[in-house]
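Here is a short walk through one fold, written for someone who likes to have the model open alongside. Please load the structure and follow along.

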Amino acid sequence: MEEVQYLDWNNSIQTLNKAYETGLFVLIIGPKGTGKTSLVRDFAKGKGINLESINFSLRTRESHLVGTKTLTDGTVSFDEGLLIKSMREGSMLYLDEINSAEADVLLRLDEALDDRRQIALKESTGEVVKAKENWFVVATINPLTHSGTKELPPQLLSRFPVRIRLEYPPEEVELEIVKKHVSGEHDSEIVQAIKLANTLRQAAAVEELFYSPSMRETIAFAKLLDKGMAAKEAANFVFGNVYTQWGDIEYQKVSDIITSMFGN
């Protein structure tokens, strides 16, 4: 199946273009599954620029960014990390879920992102690496309601002066996005699933439920319909059963919503 192109429903590509032309780094803020990564990949592809990606978690270390010493046949060498590689090449660096990283990692990143755009390789020769002119950095953060996320320090936030808010798209746009991934004609069922997803998202936003389904779920629902699964069954598998993780009461709440929308 060919790669699905990002549907730019809120002119984010245009904003990225302007930021790229002015050399301003970009922060994309939004819940998971709203297409942040697809947007970045499509932008890089459209521009024809090389994209390096780092996905942050509590396990991400400075060495992932900067590099590590390696020993091969008795010779010590230094394997440069993606941050250094992208600075040297002037490629695009994608820092995914940056607000899941530990403080020491962010501190090192901050050194590279300040106005001088340079970093000292203290792990290696002490060489100061200066970023190429067209080096471009885009970071994403999940809202603080997501587990494992922390508030970004103000000085790091200020390194990304262009901020794009990426929310879930309007229902008709989500339908269009989902239809790019399937071949069958299931519009009315998909519309119902999107309405269900939005109901659950709104409940999660006000902390009535513990989980907010992403667009990955509405796409998965449509793919199951494509394989001949009944809509109610697909809704249970994709949207309902996950809530069992938080116990029967939570699961039953969602199960009742599914029954009210898809019938018995």
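Let's begin with strand S5, bearing in mind that this is a predicted model. S5 spans residues 92–96 and is mostly covered, with five of its five residues buried. Met 92, Tyr 94 and Asp 96 point one way from the strand, while Leu 93 and Leu 95 point the other way. Residues on both sides of S5 are buried.

**The sheet around S5**

What is the strand order of the open sheet? The five strands run S2-S5-S8-S1-S9, with parallel pairing. At the edges sit S2 and strand S9 (162–165), each of which pairs on one side only. On average, neighbouring strands of this sheet are turned by 20° against each other, direction ignored.

On one side, S5 pairs with strand S2 (residues 51–55) in the parallel sense, over five bridges. Strand S8 (residues 136–141) also runs parallel to S5 and is joined to it by four bridges. If you would like to find these pairings on screen, here are some residue partners to click on.

| Residue in S5 | Bridge partner or opposite residue |
|---|---|
| Tyr 94 | Ser 53 |
| Met 92 | Phe 136 in S8 |
| Leu 95 | Ala 139 in S8 |

**Helices on the sheet**

Two helices are worth a look here. Helix H2 (residues 36–47) lies across strand S1 (26–29), S2, S5 and S8, and runs at about 175° to S5. Helix H4 (residues 82–89) packs on the sheet as well, where it touches S2 and S5. The direction of H4 makes about 160° with that of S2.

**A buried arginine**

Now move along to helix H8 (residues 187–205), where you will find Arg 201. Is Arg 201 buried or exposed? Arg 201 counts as buried because its relative accessibility is 6%, and the cut-off for buried is under 20%.

What does the side chain of Arg 201 reach? One target is the backbone oxygen of Pro 213, at 2.8 Å. Another is the backbone oxygen of Ser 214, at 3.4 Å.

Pro 213 and Ser 214 also appear in the list of residues in contact with Arg 201, once neighbours within four places in sequence are left aside. That list further includes Tyr 168, Glu 174, Ser 212, Met 215 and Thr 218. To see this spot for yourself, centre the view on Arg 201 in H8 and look for the backbone oxygens of Pro 213 and Ser 214.

Notes: Residues are numbered from 1 along each chain as its sequence is written. This is a predicted model: local features need pLDDT of at least 70, side-chain atom pairs count only at pLDDT 80 or more; totals for chains, interfaces and linings use all residues. Side-chain values use heavy atoms; hydrogens and water are left out. Buried means under 20% relative accessible area, exposed over 50%, partly exposed in between (1.4 Å probe, protein chains only). A polar contact is a pair of N or O atoms within 3.5 Å; within protein, one must be able to donate a hydrogen and the other to accept it, and residues adjacent in sequence count only if both atoms are side-chain atoms. Contact means heavy atoms within 4.5 Å. Two strands pair if DSSP finds at least two bridges between them. Axes are lines fitted to C-alpha atoms, for helices over the stretch in contact, and angles run from 0 to 180 degrees between N-to-C directions.
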